[in-house]
Every structure is written in structure tokens, then in C-alpha cells.
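Visitor: I have not seen this structure before. Could you take me through it by question and answer?

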Amino acid sequence: MKKNALHNLTKRLTFLFFIAVSLSVFAQETQETKPKSEFWSKVQFGGGFGLGFGSGFTNIAVSPTAIYNINSYVSLGTGLQYSFLKQSDFYTSHMYGGSVIALFNPIEEIQLSTELEQLRVNVDLEGSNSNSANFWNTGLFVGAGYRMDNVTLGVRYNVLFNNDKNVYADALMPFVRV
């Protein structure tokens, strides 16, 4: 029964993904015919989408972002994040929250960033309520990257990293921003 439910969930998520991509492509085609306001011409949309499936393992992640370019040096943005992780007969995890980010480009090739992220973490261990965890995870990241056109490769450091309760394995994390 569980295998059937997971299979149905996979079908539904795949269907929703293709509908969302189709609508996004259609929206971009119709937007080009309408003149954009000055505000919206400075907004960039992005984010991430991840799917991972294996033997008894499921990982689904969605993280849309929007960034407003104040000028060629400074940008401010916000993002949402949701992640579902399940290992059969072991645990289920939901993480959701948001972030605010500030980007500074002192020269065209260099991007400095600060990001405040707040995530709600719910972990349910199968067969044991005593080991389940529900907590808020706060991250304050400072980062630097090298820019090539619309792609930035870099590293960021979580100054609030706590080994005891953290969703990340390390305080130092590489990133790719498109």
C-alpha cells in the first residue's frame, strides 16, 4: 500500500511539475508582448527544484526566489523553501521557511552576499516519538563569489552554525547562483 501511495505521489508531482513549466513558458511568451513597468524590469526570478528517488528513499525540494536589482551594485531579494525527505522505515522530514538576501557587486566579476534564513524543521523517526524533533533553524550566511554573466560560483559561511541542531552538515557551503 505504501509503495502504491508513493507511486501515485510521484505521478502527481511529475504532472504538476510539467504543468508549472508549461505555464511558465506560456507566461514568458505573453509577457514579451506587454510593456513591463520599470519595477518589474529590475526583478529577477529564480530558485531551485529537486527530486530524488531511490530504494525506499524520496527527496523533494522547491525553493523559489525573487531579487530586485536596485542598481548595478546592490540587489535585495527574498525566497521560500520547502523540502520533504523520507527514508522508508526510518524517518520522515519536512523543512519549510524563508530567507532574505542582499547582494553587493563591487566590480562586475565579484559578488558579496548576506542571507538570513529561517527554517522550521520537523523530523519524525519511525516507531519512536521520543527521538522526533521539531525546531527552528536560523542561518546567517556571508558569502563571496565569482560572476560570469548571469552565473555566480562561490562559497558562503553560516556564522550561526550549531553542531547540535542544524540542518546543514557544515558551516561552509559552496553555491551556484544563476
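The questions below go from the sheet to its hairpins, then to two residues and a pocket.

Guide: This is a predicted model, in which local features need pLDDT of at least 70, side-chain atom pairs count only at pLDDT 80 or more, and totals for chains, interfaces and linings use all residues. Residues are numbered from 1 along each chain as its sequence is written, and side-chain values use heavy atoms, with hydrogens and water left out.

Visitor: Which are the edge strands of the open sheet?

Guide: Strands here are DSSP runs of E with at least two residues, numbered from the N terminus, and two of them pair if DSSP finds at least two bridges between them. The open sheet has eight strands in the order β1-β2-β3-β4-β5-β6-β7-β8, with antiparallel pairing. From one strand to the next the twist averages 20°, taken between axes fitted to C-alpha atoms, with angles from 0 to 180 degrees between N-to-C directions. An edge strand pairs on one side only, and those that do are β1 and β8.

Visitor: How many residues lie between β2 and β3 in their hairpin?

Guide: β2 and β3 run antiparallel and are joined by eleven bridges. T58 has K86 of β3 as its bridge partner, and A61 stands opposite S83. The number of residues between the two strands of this hairpin is four.

Visitor: Which residue in the turn between β3 and β4 has a positive phi?

Guide: β3 and β4 pair in the antiparallel sense over 14 bridges, and Q87 is the partner of Y91 in β4. Their hairpin has three residues between the strands. The residue with a positive phi, about 60°, is D89.

Visitor: And in the hairpin of β6 and β7, which residue takes a positive phi?

Guide: Strand β6, residues 133-148, is joined to β7 by eight antiparallel bridges, with Y146 partnered by L153 in β7. Two residues lie between these strands. The one with a positive phi, near 55°, is D149.

Visitor: Which residues make up the covered face of β7?

Guide: On its other side from β6, β7 is joined to β8 by six antiparallel bridges, and Y157 has L172 as its partner in β8. The uncovered face of β7 holds V151, L153, V155 and Y157. The covered face is T152, G154, R156 and N158.

Visitor: Is N122 buried or exposed?

Guide: N122 is in strand β5. Beyond its neighbours within four places in sequence, N122 is in contact (heavy atoms within 4.5 Å) with T92, S93, H94, Y96, A133 and N134. Buried means under 20% relative accessible area, exposed over 50% and partly exposed in between, with a 1.4 Å probe and protein chains only. At 16%, N122 therefore counts as buried.

Visitor: What is the relative accessible area of I70?

Guide: I70 is in the loop between β2 and β3. Not counting residues up to four places away in sequence, I70 touches K42, S75 and L76. I70 is partly exposed, because its relative accessible area is 39%.

Visitor: What is the volume of the largest pocket?

Guide: A pocket is an open set of points on a 1 Å grid over the protein atoms alone where a 1.4 Å probe fits, with protein on both sides within 12 Å along at least five of seven lines; lining residues have an atom within 4 Å of a point. The lining has 48 residues, of which G47, T65, V176, R177 and V178 lie nearest the centre. Grid points are joined across faces, edges and corners, and the volume is the space filled by probe spheres set on the points. For the largest pocket, that is about 1,200 Å³.
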